[in-house]
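Here are my notes on the model you sent over. Have it open beside you while you read.

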Amino acid sequence: MLTISRELVDQIIAHATADHPDEACGVIAGRAGVPERFVPMENAERSPTFYRFDSMEQFRVWRDMDDNDEEPVVIYHSHTATEAYPSRTDVSYASEPGAHYVLYSTALAQFRSFRIVDGVIEEEDVKILEPGV
Amino acid sequence: MAIEVRIPTILRTYTDGAKAVDASGATIEELIGDLEARHPGIKARLVENDKLRRFVNVYLNDEDVRFLGGLGTPVSDGDTVTVLPAVAGG
């Protein structure tokens with residue numbers, strides 16, 4: 001299960017909405033599996049059907065996480081014409097077995113989370129922590 | 001000549017879980033050859049048809065080697081090489 005604050009969910013949705021119809025992507029860094037620090041990334045492909053982190057930006061963000069003892073707890077991206085379910089491409093490039101892969105569909109306003117390990121997709125529940133709770 | 005190579009989570013199965021390993025060589029290509037000798041199987045995850053795989057990023061210190069000389073990029077003692085799978089999808 002992914003447990004995530006309402007604020008972070010809203011930040012993902014706002015980023016996806018702003019970049020629509022291109023796909024938006026980014027990371028939420030955290031410790032011990034708790035997503036905390038929102039890091040929107042540039043989609044180097046600027047495409048409605050593909051995303052790729054810019055290699056130098058990814059290097060800096062990964063180094064910062066390393067320095068802070070953080071990990072990429074969430075890796076998110078948007079789908080802008082299809083449902084929020086990992087595509088074949090998403091599965092073939094999934095390279096962080098410890099991460100929650102969050103997809104947001106701007107077309108369907110769907111927010112879903114998955115584990116993708118060794119080519120196998122497993123959907124998980126999302127628990128959103130409302131402010132003040 | 002020792003060069004530290006930082007290994008991403010997904011490739012640590014080849015390094016017995018180590019986050020960083022030492023390797024030697026005068027170029028990125030030689031370094032990967034030496035890594036392969038020490039950690040068999042890892043080269044195929046980095047290189048395809050004598051080129052870096054498209055969705056694998058290799059950095060020499062703070063630079064992506066694609067913007068330097070690719071596999072032919074010279075390396076020297078004390079350098080740090082970082083491997084990161086590109087985060088990508090569709």
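The points below start with chain A as a whole, then go to its parts, and end with chain B.

1. A caveat before anything else: this is a predicted model. Please read every value below as computed from that prediction.

2. Let's begin with the overall make-up of chain A. It contains three helices and nine strands. Reading from the N terminus, the order is β-α-β-β-β-α-β-α-β-β-β-β. The radius of gyration comes out at 14 Å, close to the 14 Å that the globule rule gives for 133 residues, so chain A is as compact as a globular protein of that length. If you want a feel for the dimensions, the C-alpha trace of chain A spans about 35 × 35 × 30 Å along its principal axes.

3. Next, burial and contacts in chain A. Of its 133 residues, 38% are buried. Among contacts with a separation of 6 or more, 62% are between residues 24 or more positions apart.

4. Strand 1 of chain A (2–5) is a good place to zoom in. Leu2(A) and Ile4(A) make up its covered face, while Thr3(A) and Ser5(A) sit on the uncovered one. That fits the textbook pattern: in a regular strand, side chains alternate between the two faces of the sheet. Which strand does strand 1 of chain A run parallel to? The partner is strand 9 of chain A (residues 126–129), and four bridges join the two. Within this pairing, Leu2(A) stands opposite Val126(A).

5. Helix 1 of chain A covers residues 6–19. Its 14 residues should span 20 Å at 1.5 Å a residue, and the end C-alpha atoms are indeed 20 Å apart, so the length agrees with expectation.

6. The same helix has two sides worth colouring separately. Leu8(A), Ile12(A), His15(A), Ala16(A) and Asp19(A) are buried. Looking down the axis of helix 1 of chain A, these buried residues fall within an arc of 95 degrees, so they line one face. As a reminder, an α-helix has 3.6 residues a turn, so residues three or four places apart point the same way. On the other side of helix 1 of chain A you'll find Glu7(A), Asp10(A), Ala14(A) and Ala18(A), which are exposed.

7. What do the buried residues of helix 1 of chain A pack against? They meet five stretches of chain A: strand 1 (2–5), strand 2 (25–31), strand 3 (34–41), strand 5 (71–79) and strand 6 (100–105).

8. Now the contact between the chains. Chain A gives 20 residues and chain B gives 14. On the chain B side, the elements giving two or more residues are strand 5 (56–60), strand 7 (80–85) and strand 8 (88–89). Strand 7 of chain B has the largest share, with three residues. Sorted by class, the chain B side has eight nonpolar, five polar and one charged residues.

9. There is strand pairing across the two chains as well. Strand 4 of chain A (residues 51–52) and strand 8 of chain B run antiparallel, joined by two bridges. Here Tyr51(A) stands opposite Gly89(B).

10. Last, one residue in strand 7 of chain B: Thr80(B). Is it buried, exposed or partly exposed? Thr80(B) counts as partly exposed because it has 14 C-beta neighbours inside 10 Å. Setting aside neighbours within four places in sequence, Thr80(B) is in contact with Glu4(B), Arg6(B) and Asn61(B). Asp62(B) is 18 residues from Thr80(B) along the chain, and their C-alpha atoms are separated by 8.7 Å.

Terms used
Residues are numbered from 1 along each chain as its sequence is written. Chains are lettered from A and ligands numbered from 1 in the order in which they are written. This is a predicted model: local features need pLDDT of at least 70, side-chain atom pairs count only at pLDDT 80 or more; totals for chains, interfaces and linings use all residues. Two residues are in contact if their C-beta atoms, placed from the backbone, lie within 7 Å. Ala, Val, Leu, Ile, Met, Phe, Trp, Tyr, Cys and Pro count as nonpolar, Asp, Glu, Lys and Arg as charged, and the others, Gly among them, as polar. Two strands pair if DSSP finds at least two bridges between them. The expected span of a helix is 1.5 Å times one less than its number of residues. A residue is buried if 20 or more other C-beta atoms lie within 10 Å of its own, exposed if 12 or fewer, and partly exposed in between; C-beta atoms are placed from the backbone. The arc is that of the directions from the helix axis to the C-beta atoms. The radius of gyration is taken over C-alpha atoms; the globule rule is 2.2 Å times the number of residues to the power 0.38.
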